[in-house]
Amino acid sequence: MVTDLSQIIKAYDVRGIVPDQLNEPVARALGTAFVEMLRESGSEPDQIVIAHDMRDSGPGLAAAFARGVNAAGAGVINIGLASTDQLYYASGSLNLPGAMFTASHNPAQYNGIKLCRSGARPVGQDSGLAVVRQRAQKLLGDLNADAEGPERVEQRESLKDYAAHLRSLVDLAGIRQLKVIVDAGNGMGGYTVPAVLGDQVLPALPLEIVPLFFELDGSFPNHEANPLDPKNLVDLQKAVREQGADIGLAFDGDADRCFVVDEKGDPVSPSAITALVASRELAKFPGSTIIHNLITSAAVPEIITENGGKPVRSRVGHSFIKAEMAATNAIFGGEHSAHYYFRDFWFADTGMLAAMHVLAAFGGQDLPLSEFAAEYERYAASGEINSTVTDTPAKIAEVRAAFPQAEVDELDGLTFQVGDGAWFNLRASNTEPLLRLNVEAHDAARMAELRDEVLAIVRG
């Protein structure tokens with residue numbers, strides 16, 4: 001039976017169960033279709049750079065994709081094992097299109113592909129992914145589509161160059177000595193952290209790196225590699241408190257997102273990290289534009305403005321953030337999900353570079369992280385709360401009717417400004433029957449009151 005690619009090709013990437021949905025014939029068809037899409041859009045790619053994460057199915061799928069690329073008449077540079085931002089580095093530095101085999105934080109039975117054009121420019125449904133799907137679906141249904149081209153696959157190492165590039169962007173040599181516990185969740189952080197923050201390939205930094213779950217294991221034997229879920233931070237929080245560390249870092253499966261906990265084991269919100277990194281980037285590039293999505297804290301645009309920058313509000317999602325950054329030449333962008341985007345990293349997202357900014361800023365102060373981060377944590381936020389609903393439009397209409405005096409905008413779902421500085425955003429999921437709620441207010445009591453009022457309507 002031919003795989004229905006509409007089930008695995010989503011808004012931004014490919015994600016499916018191996019081998020039922022994503023297998024080597026599918027990967028091969030996608031390789032050919034990717035080259036054909038690039039040619040149709042005016043690019044003549046001579047080579048595609050590919051990489052894979054630590055999942056067992058990665059090497060086989062990447063090799064099949066390479067055969068599809070070769071069949072379409074293009075060559076492959078295979079950098080092998082890599083984090084997603086390491087693949088973006090290769091795409092940017094080589095100015096080649098790329099394909100990263102990863103399912104990020106998804107469970108072990110999944111794998112996927114993140115595609116980009118040369119210079120790490122994203123490929124989504126509206127920027128070529130729909131064409132790739134259509135082309136690949138046709139190839140899968142064509143019994144004569146298995147012709148092989150001459151094998152053109154070059155193996156290349158990129159880890160040291162990737163680490164050196166990041167080190168060139170943030171100077172950590174002069175900070176005070178810090179004890180840093182890093183939870184890699186058996187994902188790619190266990191590969192990249194020793195190279196970038198340790199002394200594996202470059203000179204040592206004033207950092208004592210204490211590893212948690214650095215063994216690469218796509219079965220995720222300790223916990224899911226998804227730090228956005230609080231239960232997956234428990235091991236890191238416990239280790240930080242018990243070992244008296246200055247800071248804890250947690251990376252997701254493909255290590256493109258990074259979460260931070262302070263010396264007490266308390267999470268530092270991604271909004272606070274966005275504001276902190278924005279202030280550092282604005283010190284280098286005064287008056288520049290910073291992108292933030294609409295559910296980051298109100299503190300983010302405040303702090304950007306206070307530092308002389310121009311805040312620009314975006315919809316949620318990397319394709320929207322990257323498009324806004326390219327349109328405005330923004331120096332930095334941040335999301336609530338701990339994706340951080342940098343102009344000097346080809347507008348792509350890299351959790352490692354964000355972590356380095358935090359270490360540089362915090363390591364230049366003689367304060368515990370909880371006190372240092374407090375200036376960026378101005379309000380009480382709920383975090384994202386998901387509710388399963390059967391009739392999304394009806395529920396949204398009910399909520400709107402319940403707040404007739406609120407100022408409402410529709411940039412992404414509905415954002416309600418309800419007075420006294422409190423606000424909430426209600427968005428429907430693109431892929432599931434869920435409503436996503438984010439609430440913020442000046443204090444925890446007001447936030448909880450507003451949160452519960454909205455949830456009573458949504459879940460009632």
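1. In this predicted model, F332 has F342 as its bridge partner in β16. The pair belongs to an antiparallel arrangement in which 3 bridges join strand β15, residues 332–334, to strand β16, residues 340–342.

2. These strands are part of an open sheet of 5 strands, ordered β14-β13-β15-β16-β17, and the pairing within that sheet is mixed. Because β14 (310–314) and β17 (348–349) each have a single partner strand, they stand at the edges, and one side of each is left without a neighbour in the sheet. Helix α9, which covers residues 299–306, lies across β13 (289–293) and β14, and runs at about 155° to β14.

3. F332 also appears among the contacts of T274, a residue of helix α8 (residues 270–284): leaving aside residues up to four places away in sequence, T274 touches V300, F332, G334, E335 and Y340. The relative accessible area of T274 is 0%, and the residue is therefore classed as buried.

4. How many of the 15 residues of α8 are buried? The number is 12, so the helix is largely enclosed by the rest of the structure; among the buried residues are P270, S271, T274, E281 and L282. As a check on the geometry of α8, its 15 residues should span 21 Å at 1.5 Å a residue, and the end C-alpha atoms are 21 Å apart, which agrees.

5. A second open sheet deserves separate comment, with 5 strands in the order β9-β8-β10-β11-β12 and mixed pairing. Its edges are formed by β9 (207–212) and β12 (267–268), each with a single partner strand, so that one side of each is left without a neighbour in the sheet. Within this sheet, strand β10 (residues 247–251) and strand β11 (residues 258–261) run antiparallel and are joined by 4 bridges, with F251 standing opposite C258 in β11.

6. Helix α11 lies across β8 (178–183), β9, β10 and β11, and its direction is at about 175° to that of β10. Helix α11 (residues 351–363) also packs against helix α5 (residues 159–169), at an angle of about 35° and with the axes 10 Å apart; the crossing of α5 and α11 is right-handed.

7. Which residues of α5 and α11 meet? From α5 the contact draws on Y162, L166, R167 and L169, and from α11 on M352, L353 and M356. By class, this contact of α5 with α11 comprises 6 nonpolar residues, no polar residues and 1 charged residue.

Key
Residues are numbered from 1 along each chain as its sequence is written. This is a predicted model: local features need pLDDT of at least 70, side-chain atom pairs count only at pLDDT 80 or more; totals for chains, interfaces and linings use all residues. Side-chain values use heavy atoms; hydrogens and water are left out. Two strands pair if DSSP finds at least two bridges between them. Helices (H or I, at least four residues) and strands (E, at least two) are DSSP runs, numbered from the N terminus. Contact means heavy atoms within 4.5 Å. Axes are lines fitted to C-alpha atoms, for helices over the stretch in contact, and angles run from 0 to 180 degrees between N-to-C directions. A crossing is left-handed if the near helix is turned anticlockwise from the far one by less than a right angle, and right-handed if clockwise. Ala, Val, Leu, Ile, Met, Phe, Trp, Tyr, Cys and Pro count as nonpolar, Asp, Glu, Lys and Arg as charged, and the others, Gly among them, as polar. Buried means under 20% relative accessible area, exposed over 50%, partly exposed in between (1.4 Å probe, protein chains only). The expected span of a helix is 1.5 Å times one less than its number of residues.
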